[in-house]
Amino acid sequence: MSDGLHTKGHYFYLFSNEVNEPVADVWLGSKDNGTVWGWDFYVYPEYQGQGYGYQVLSATLELLISLGFEELRFTVFKSNTNAIGLYKKFGFKVLAEHDEQLEMSIKVS
């Protein structure tokens with residue numbers, strides 16, 4: 001990805017709260033088969049635990065549906081139990097388990 005965020009098929013979104021402070025960012029990369037990989041899903045530390053992760057993931061899934069994508073996948077560290085819990089709350093399933101990471105997926109269409 002020599003073009004970073006400008007790589008074709010990649011999407012970067014910055015989410016703000018009601019007073020226009022940035023609270024989270026999401027970086028997605030699409031595949032030709034309708035699958036989108038979450039390269040980054042990050043709620044800034046000072047805003048964690050306040051429901052922003054739920055709101056951002058919900059908005060992201062709605063966006064992917066509107067764009068016609070079929071699946072969203074993330075790789076998440078096993079130690080990131082908050083993210084795993086959030087993903088499972090939305091219905092993500094574990095596709096593969098690696099040494100320190102899980103590969104998780106949800107159908108969005």
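This report describes how two helices and several individual residues are placed in a predicted model.

**The two helices**

Helix 1 covers residues 52-66 and helix 2 covers residues 81-90. Their axes lie 11 Å apart and form an angle of about 45 degrees. That angle makes helix 1 oblique to helix 2. The crossing of helix 1 past helix 2 is right-handed. From helix 1, the residues Gly 53, Tyr 54, Leu 57, Ser 58 and Leu 61 take part in the contact. Their partners in helix 2 are Leu 86, Tyr 87, Lys 89 and Phe 90. Sorted by character, the residues of this contact comprise six nonpolar, two polar and one charged.

Helix 1 also contains Thr 60. The relative accessibility of Thr 60 is 3%, so this residue counts as buried. Apart from residues up to four places away in sequence, Thr 60 touches Phe 15, Val 26 and Leu 28.

**Accessibility of selected residues**

The table sets out the relative accessibility of residues discussed in this report.

| Residue | Relative accessibility | Class |
|---|---|---|
| Thr 60 | 3% | buried |
| Thr 35 | 7% | buried |
| Glu 103 | 15% | buried |
| Ala 96 | 23% | partly exposed |
| Asn 20 | 61% | exposed |
| Gly 49 | 88% | exposed |

Ala 96 is partly exposed because its value of 23% falls between the limits of 20% and 50%.

**Residues in strands**

Thr 35 belongs to strand 3, which spans residues 35-43. When residues up to four places away in sequence are not counted, Thr 35 touches Gly 29, Ser 30, Glu 71 and Arg 73. With one of these, Glu 71, the side chain of Thr 35 makes a polar contact of 3.0 Å, side chain to side chain.

Glu 103 lies in strand 6, formed by residues 101-107. Residues up to four places away in sequence aside, Glu 103 touches Trp 37, Arg 73, Phe 74, Thr 75, Lys 93, Val 94, Leu 95, Ala 96 and His 98. Arg 73 thus appears among the contacts of Thr 35 and among those of Glu 103. The side chains of Glu 103 and Arg 73 are joined by a polar contact of 3.2 Å. Lys 93, another residue that Glu 103 touches, is 10 residues away from Glu 103 along the chain, and the two C-alpha atoms are separated by 8.4 Å.

Ala 96 is placed in strand 5, residues 93-97. Neighbours within four places in sequence being left aside, Ala 96 is in contact with Gln 101, Leu 102 and Glu 103. In sequence, Ala 96 and Thr 75 are 21 residues apart, while the distance between their C-alpha atoms is 9.3 Å.

**Residues in loops**

Two further residues are found in loops. Asn 20 sits in the loop between strand 1 (10-16) and strand 2 (22-30). Its phi is near 65 degrees, a positive value in a residue other than glycine. In general, most residues other than glycine have a negative phi. Asn 20 is exposed because its relative accessibility of 61% is over 50%.

Gly 49 occupies the loop between strand 3 and helix 1. With a relative accessibility of 88%, Gly 49 counts as exposed. Gly 49 and Gly 38 are 11 residues apart along the chain, and their C-alpha atoms are separated by 21 Å.

Conventions:
Residues are numbered from 1 along each chain as its sequence is written. This is a predicted model: local features need pLDDT of at least 70, side-chain atom pairs count only at pLDDT 80 or more; totals for chains, interfaces and linings use all residues. Side-chain values use heavy atoms; hydrogens and water are left out. Axes are lines fitted to C-alpha atoms, for helices over the stretch in contact, and angles run from 0 to 180 degrees between N-to-C directions. Helices (H or I, at least four residues) and strands (E, at least two) are DSSP runs, numbered from the N terminus. Angles under 35 degrees count as roughly parallel, over 145 as roughly antiparallel, 65 to 115 as roughly perpendicular and the rest as oblique. A crossing is left-handed if the near helix is turned anticlockwise from the far one by less than a right angle, and right-handed if clockwise. Contact means heavy atoms within 4.5 Å. Ala, Val, Leu, Ile, Met, Phe, Trp, Tyr, Cys and Pro count as nonpolar, Asp, Glu, Lys and Arg as charged, and the others, Gly among them, as polar. Buried means under 20% relative accessible area, exposed over 50%, partly exposed in between (1.4 Å probe, protein chains only). A polar contact is a pair of N or O atoms within 3.5 Å; within protein, one must be able to donate a hydrogen and the other to accept it, and residues adjacent in sequence count only if both atoms are side-chain atoms.
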